[in-house]
Amino acid sequence: SSIKLMAESLLDLEDESRREEVRIIESSCETMQRMIDDLFVLSKLSKDQIIYEETWINEIVEMALNECRFDLQSRRVSVNIMKNLPKLPVARIWMIELLKNLITNAIKYNTAPVPAIEFGGLTDARGFYVKDNGIGIPKEYQSELFHIFFRVPNGLNAKGTGMGLYLVKQVMDIHKGSVELVSDEGKGTTFNLRFPAPGAKF
């Protein structure tokens with residue numbers, strides 16, 4: 001944007017306080033761009049014709065991991081894909097978006113020496129879980145987690161727009177499913193994604 005270009009041109013200034021102001025402007029511009037991108041994705045979710053296909057969830061997991069491969073490699077994340085992932089009727093593109101958000105959060109909000117993510121099937125074969133060993137989510141914030149623009153105060157200064165988990169909830173809503181959060185502060189987070197029984201109409 002023109003604001004960001006102007007900010008970059010001012011970085012040659014010797015005044016350190018001014019340089020810090022410029023860096024804040026640049027960071028704000030980047031956040032605004034991410035917010036615009038996320039809003040665009042959400043608008044497509046409400047307008048696009050949704051196509052559901054019987055799909056093995058391990059295929060969706062692999063595609064989402066591939067799209068996040070740079071962050072996974074740079075943080076040397078340990079990934080474990082269990083063999084019991086089910087086959088479910090899903091909107092493939094949107095399920096990939098959902099998983100990308102959960103994978104990104106599992107990396108971003110993680111201070112473990114070796115960040116870890118696990119994908120596995122639920123016992124009733126009507127869903128699957130995504131589990132990480134991140135910083136966890138305090139109980140007092142869990143009820144607000146899927147609200148748009150809500151961000152958990154955590155002291156990590158991680159960049160985000162507060163729309164990622166809102167998108168997760170919206171994607172599960174179009175599948176007539178649900179998302180359940182299980183988390184303890186300092187012990188990681190598990191998202192249980194449940195889908196309706198066979199024969200459900202979308």
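Reader: How many of the 17 residues of α5 are buried?

Author: The model is predicted. Helix α5 covers residues 92-108, and the rest of the structure largely encloses this helix, because its buried residues number 12 of the 17.

Reader: Which residues of α5 are buried?

Author: Buried means under 20% relative accessible area. Within α5, the residues that meet this condition include Trp 94, Met 95 and Ile 96, and also Lys 100, Asn 101 and Asn 105. The others on the list are Leu 98, Leu 99, Leu 102, Ile 103, Ala 106 and Ile 107.

Reader: What span should helix α5 have, and how far apart are its end C-alpha atoms?

Author: The expected span rests on 1.5 Å a residue, which for the 17 residues of α5 gives 24 Å. The model agrees with this expectation, as the end C-alpha atoms of the helix are separated by 24 Å.

Reader: How many aromatic pairs does the protein have?

Author: Ring centres must lie within 6.5 Å for a pair to be counted. By this rule, the number of aromatic pairs is 2.

Reader: Is the pair of Phe 128 and Phe 195 stacked or edge-to-face?

Author: The ring centres of Phe 128 and Phe 195 are 6.2 Å apart, with 20 degrees between the planes. Planes under 30 degrees apart count as stacked, so the pair formed by Phe 128 and Phe 195 is stacked.

Reader: Which parts of the chain does the pair of Phe 128 and Phe 195 tie together?

Author: Both Phe 128 and Phe 195 are buried. The two parts are 67 residues apart in sequence, because Phe 128 belongs to strand β5 (residues 127-132) and Phe 195 to the segment after β7 (189-194). The parts tied together are therefore strand β5 and the segment after β7.

Reader: What is the angle between the planes of Phe 146 and Phe 191?

Author: Phe 146, in the loop between α6 (139-142) and α7 (164-174), and Phe 191, in strand β7, are 45 residues apart, and their pair links distant parts of the chain. Their rings are edge-to-face at 6.4 Å centre to centre, and the angle between the planes is 75 degrees.

Reader: Are Phe 146 and Phe 191 buried or exposed?

Author: Phe 146 has a relative accessibility of 16% and therefore counts as buried. For Phe 191 the relative accessible area is 7%, and this residue too is buried.

Reader: What share of the contacts with a separation of 6 or more joins residues 24 or more positions apart?

Author: The protein has 7 helices and 7 strands, and buried residues make up 41% of its 202 residues. Among contacts with a separation of 6 or more, the share from residues 24 or more positions apart is 69%.

Note on methods. Residues numbered from 1 in each chain as written. Predicted model: local features only at pLDDT ≥ 70, side-chain atom pairs only at ≥ 80, totals over all residues. Heavy atoms only, no water. Helix = DSSP H or I, 4+ residues; strand = E, 2+ residues; numbered from the N terminus. Expected span 1.5 Å × (residues − 1). Buried < 20%, exposed > 50% of the residue type's maximum accessible area, 1.4 Å probe, protein only. Phe/Tyr/Trp six-rings, centres within 6.5 Å; stacked < 30°, edge-to-face > 60°. Contact = heavy atoms within 4.5 Å.
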